[in-house]
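Thanks for coming, everyone. I have one structure to walk you through today. Let me put it up on the screen.

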Amino acid sequence: MADVLTDIWDKILSYLQKHHSQYWRSWFEQIEPIGLENGLLRVGVPERSWQQYLKQKCNETLLEAARKITGHLISLEYVYTDQNDLLNSDLNQKQNGENNDLIFFNPDYTFGNFVVGPCNRLAHAACIAVSESPGCTYNPLFLHGSVGLGKTHLMQAVCQAMLKQTQQTRIMYMTCETFVNDFIRAVEEGNLYDFRYKYRYADILVIDDIQFLAERERSQEEFFHTFNTLYQSRKQIILSADCSPAEMPRLEDRLVSRFNQGLVTRIDKPDYEMRMAILYKKASIRGIDPPEDVISFIARKIYSNTRELEGALTKVHGLAMLEDGKITIELARQALGEEPTPAHRQITISQIIESVTEHFNVRLSDLQGKRRSRSIAFPRQICMYLARDLTGHSLEEIGGHFGGRDHTTVLHAYRNIDRLCDNDENIRFMVNSLMTGLTQK
Ligand code: ADP
Ligand code: MG
């Protein structure tokens with residue numbers, strides 16, 4: 001019977017992998033079928049977030065597969081099988097089951113799946129520290145950076161790591177929008193007591209995209225009090241936003257100063273090497289193994305943010321699954337909208353210098369010299385930015401090409417241009433067109 005069951009389950013998973021590859025994850029192999037009785041197939045999962053993922057993302061597809069494979073209308077149940085946790089399950093249910101069960105964490109968003117590099121090292125270290133001793137190290141922890149750079153991933157990783165240590169932790173994790181809507185509803189229903197109890201009773205409060213609070217005065221007021229109550233009882237608070245507290249328009253000063261009380265850390269865009277590492281990681285989570293030229297092609301082509309990087313991989317993988325499942329460079333070019341060319345070209349610092357000197361009408365000797373006037377320093381910084389994003393060179397090597405400048409100067413240049421791109425449409429456009437020129441030459 002066990003063999004028959006395993007066989008059915010394996011076939012169901014193969015179906016999912018073949019027809020809906022975007023949902024496939026390598027951890028599916030750890031799911032164990034438990035039994036098939038009265039048309040109900042039960043499978044065991046060792047993590048709650050897996051259970052939620054299967055229910056919310058894959059249920060329809062798995063049901064469709066199960067029907068095709070068995071020829072019967074069967075239903076599926078995902079059973080949580082953590083033994084330690086089951087021992088305490090009564091207690092858990094009573095204490096916090098209500099709360100934590102409602103939160104959906106993405107099983108991909110763990111520390112193990114997070115690639116650490118120069119652009120996020122501090123944010124990552126702070127999140128690890130907070131997950132190990134909440135309320136004691138950095139409180140509040142404020143992560144900021146532009147969209148798609150891993151803020152949500154890190155915050156969920158903290159929550160999931162804490163839940164792994166003890167299911168008893170009362171975690172309030174939500175987007176700021178949910179907080180605001182919840183507050184508005186509580187006001188309308190005259191139910192502020194319950195609202196306050198719920199939020200102020202948390203062991204850890206995690207609010208994503210707090211910039212949403214900027215426009216909302218009454219919610220800010222309420223949040224201020226929630227914050228103070230939790231902070232005073234040494235409960236951990238983690239916040240994220242697309243800019244630093246000081247840069248947030250229309251945020252009350254007292255909130256800005258509260259946010260600055262702990263650690264404020266910025267996540268920058270990943271450089272080329274890191275984009276490669278992230279793609280390898282994402283590929284392994286999806287149980288695929290694309291060749292290096294494909295990974296490098298995607299990492300060069302997509303430089304704006306990590307979410308798009310992942311989207312590109314999904315696209316290439318999806319296209320491959322429509323054919324024979326093999327991921328090739330031709331396929332990648334087809335999926336990402338570029339005609340296949342015979343050889344993949346490496347972008348060099350010389351090419352970058354050539355484009356930039358031409359665009360700004362400056363000389364190479366100026367870029368390598370000591371002058372710091374804006375007319376020279378700005379194109380120099382653009383060169384460093386492009387070199388970091390488009391070539392595989394380290395910060396030291398890039399500095400070496402520009403008059404022996406050290407790595408902190410290159411990092412500073414990178415951050416400066418990145419910030420300018422965020423805030424100034426003209427600069428963003430100029431940088432993008434230089435990038436496009438270089439990548440599509
Ligand atoms: P943000 O909240 O900053 O907008 P997300 O956390 O949603 O960004 O990240 C977008 C995608 O990029 C997610 O799939 C996330 O897993 C991935 N990602 C971002 N940074 C990293 C990283 N350093 N390592 C692995 N994946 C990353
Ligand atoms: Mg986010």
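At what angle do the axes of α11 and helix α13 cross, and how close do they come? Roughly 50 degrees, and within 10 Å. Helix α13 covers residues 306-322. That angle makes α11 oblique to α13. The crossing itself is right-handed.

Who makes this contact? From α11 we have R275, I278, L279, K282 and A283. From α13 we have T306, L309, E310 and L313. Sorted by character, the contact residues are 5 nonpolar, 1 polar and 3 charged.

Before going on, one caution. What you see is a predicted model.

Now the overall picture. The protein chain has 441 residues, and 50% of them are buried. It holds 20 helices and 8 strands. Its C-alpha trace spans about 80 × 60 × 35 Å along the principal axes. Take the contacts between residues at least 6 apart in sequence. Of those, 73% join residues at least 24 apart.

Here is one pair of residues far apart in sequence. N260 and F142 are separated by 118 residues along the chain. In space, their C-alpha atoms are 8.0 Å apart. Where is N260? In the loop between α10 and β8, and β8 is residues 263-266. N260 counts as partly exposed, because its relative accessibility is 38%.

Back to α11. This helix runs over residues 272-285, and it also packs on helix α12, residues 292-301. Here the angle is about 125 degrees, and the axes are 9 Å apart. So α11 is oblique to α12. The handedness of this crossing is right-handed.

The α11 side of this contact is Y272, R275, M276, L279 and Y280. On the α12 side are E292, I295, S296, I298, A299 and R300. The split is 7 nonpolar, 1 polar and 3 charged. Look at R275 on screen. R275 is in the contact with α12, and R275 is in the contact with α13. L279 also appears in the α12 contact and in the α13 contact.

Y272 leads us to another residue. R388 touches Y272, and it also touches D271. Where does R388 sit? In helix α17, residues 374-390. Is R388 buried or exposed? Buried, because its relative accessible area is 3%, and the cut-off for buried is under 20%. The other residues R388 touches are P118, C119, L395, I398, L411 and Y414. That list leaves out residues up to four places away in sequence.

Next, helix α9. It has 16 residues, numbered 217-232. From first C-alpha to last it reaches 23 Å. That is close to the 22 Å expected at 1.5 Å a residue.

Which residues of α9 are buried? They are S219, Q220, E222, F223, F224, T226, F227, N228 and L230. A reminder on helix geometry: an α-helix has 3.6 residues a turn, so residues three or four places apart point the same way. What do the buried residues of α9 pack against? Three helices are on the list: α7 (176-188), α8 (192-200) and α10 (253-259). Two strands join them: β6 (204-208) and β7 (236-241).

Now some backbone points. Most residues other than glycine have a negative phi, and most peptide bonds are trans. Here are residues that depart from that.

After α9 comes R234. R234 is not a glycine, yet its phi is positive, about 55 degrees. R234 lies in the loop between α9 and β7. R234 counts as exposed, because its relative accessibility is 57%.

N361 is another. Its phi is near 55 degrees, a positive value in a residue other than glycine. Where is N361? In the loop between α15 (349-360) and α16 (364-368). N361 is exposed, with a relative accessible area of 70%.

Then the peptide bond. Going from N139 to P140, the bond is cis, with omega near -5 degrees. P140 is found in the loop between α5 (121-132) and β4 (141-144).

To recap what to find on your own screen. Find α11 first, oblique to α12 and oblique to α13. Then look for R388, buried in the model. Finish at the cis bond from N139 to P140. Thank you.

Note on methods
Residues are numbered from 1 along each chain as its sequence is written. Chains are lettered from A and ligands numbered from 1 in the order in which they are written. This is a predicted model: local features need pLDDT of at least 70, side-chain atom pairs count only at pLDDT 80 or more; totals for chains, interfaces and linings use all residues. Side-chain values use heavy atoms; hydrogens and water are left out. Axes are lines fitted to C-alpha atoms, for helices over the stretch in contact, and angles run from 0 to 180 degrees between N-to-C directions. Helices (H or I, at least four residues) and strands (E, at least two) are DSSP runs, numbered from the N terminus. Angles under 35 degrees count as roughly parallel, over 145 as roughly antiparallel, 65 to 115 as roughly perpendicular and the rest as oblique. A crossing is left-handed if the near helix is turned anticlockwise from the far one by less than a right angle, and right-handed if clockwise. Contact means heavy atoms within 4.5 Å. Ala, Val, Leu, Ile, Met, Phe, Trp, Tyr, Cys and Pro count as nonpolar, Asp, Glu, Lys and Arg as charged, and the others, Gly among them, as polar. The expected span of a helix is 1.5 Å times one less than its number of residues. Buried means under 20% relative accessible area, exposed over 50%, partly exposed in between (1.4 Å probe, protein chains only).
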